[in-house]
Amino acid sequence: MSTDIAIEVGADHLRRDAFLYARQSSLRQVFENTESTKRQYALRDRAVALGWPIERVHVIDSDLGLSGAQSQDRDGFQHLVS
């Protein structure tokens with residue numbers, strides 16, 4: 001981890017919960033691009049390494065395999081922006 005990046009995360013940031021929105025646009029991508037999905041989930045570990053308690057890192061992955069063309073059909077996205 002770069003020290004420069006860690007310095008950018010301050011106490012004000014860490015007082016908030018962290019949200020990870022994991023998504024692939026189609027079921028085919030979910031099954032074929034497994035490395036991308038793994039990298040998205042690894043961002044949770046990255047947030048913990050930067051100082052967030054694991055219980056305050058929320059993973060929203062209910063939209064895996066859903067197209068991003070329309071936001072109203074994506075419950076995870078709606079949860080994220082609410």
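**Group meeting: helix α4, salt bridges and core of a predicted model**

Let us begin with Gln-40, which is placed in helix α4. Helices here are DSSP runs of H or I with at least four residues, strands are runs of E with at least two, and both are numbered from the N terminus. Please note that this is a predicted model, in which local features need pLDDT of at least 70 and side-chain atom pairs count only at pLDDT 80 or more, while totals for chains, interfaces and linings use all residues. Residues are numbered from 1 along each chain as its sequence is written, and side-chain values use heavy atoms, with hydrogens and water left out.

Is Gln-40 buried or exposed? Gln-40 counts as buried, because its relative accessibility is 16%. The term buried means under 20% relative accessible area, exposed means over 50%, and partly exposed lies in between, using a 1.4 Å probe and protein chains only.

Which residues does Gln-40 contact, leaving aside neighbours within four places in sequence? They are Leu-20, Tyr-21, Ala-22, Arg-23 and Gln-24, where contact means heavy atoms within 4.5 Å. The C-alpha atoms of Gln-40 and Leu-20 are separated by 7.9 Å, although these residues are 20 residues apart along the chain. In addition, a polar atom of the Gln-40 side chain lies 2.7 Å from the backbone nitrogen of Arg-23.

Thr-37 also has its place in helix α4. With 12% relative accessibility, Thr-37 counts as buried. Not counting residues up to four places away in sequence, Thr-37 touches Gln-24 and Val-30.

I turn now to charged side chains. Side chains of opposite charge can pair when their charged atoms come close. A salt bridge is defined as a side-chain nitrogen of Lys or Arg within 4 Å of a carboxyl oxygen of Asp or Glu. How many salt bridges does a search of the whole structure find? The search finds 4, and I shall describe some of them.

In helix α4, Arg-39 forms a salt bridge with Glu-35, and their closest N and O atoms are 3.5 Å apart. The two residues are 4 residues apart in the helix, so about one helical turn separates them. Arg-39 is exposed, with a relative accessible area of 58%, whereas Glu-35 is partly exposed at 44%.

A second example joins Arg-56 and Asp-17, whose side chains meet at 2.7 Å, N to O. Why does this pair tie together parts that are 39 residues apart in sequence? Arg-56 lies in the loop between α4 (34–49) and β2 (57–60), and Asp-17 lies in the loop between α2 (11–14) and β1 (18–21), so the pair links those parts. Arg-56 is partly exposed at 21% relative accessibility, and Asp-17 is partly exposed at 35%.

Arg-15 forms a salt bridge with Asp-12, with the closest N and O atoms 2.7 Å apart. Arg-15 is exposed, having a relative accessible area of 59%.

Finally, I come to the nonpolar core. A nonpolar core is a set of buried Ala, Val, Leu, Ile, Met, Phe, Trp, Tyr and Cys residues joined through side-chain atoms within 4.5 Å. Which residues make up the largest nonpolar core? It has 6 residues, namely Val-9, Ala-18, Ala-47, Leu-50, Trp-52 and Val-57. Setting aside residues up to four places away in sequence, Ala-18 touches Trp-52, Arg-56, Val-57 and His-58. Arg-56 thus appears again here, as a residue touched by Ala-18 and as the salt-bridge partner of Asp-17.

Methods
A polar contact is a pair of N or O atoms within 3.5 Å; within protein, one must be able to donate a hydrogen and the other to accept it, and residues adjacent in sequence count only if both atoms are side-chain atoms.
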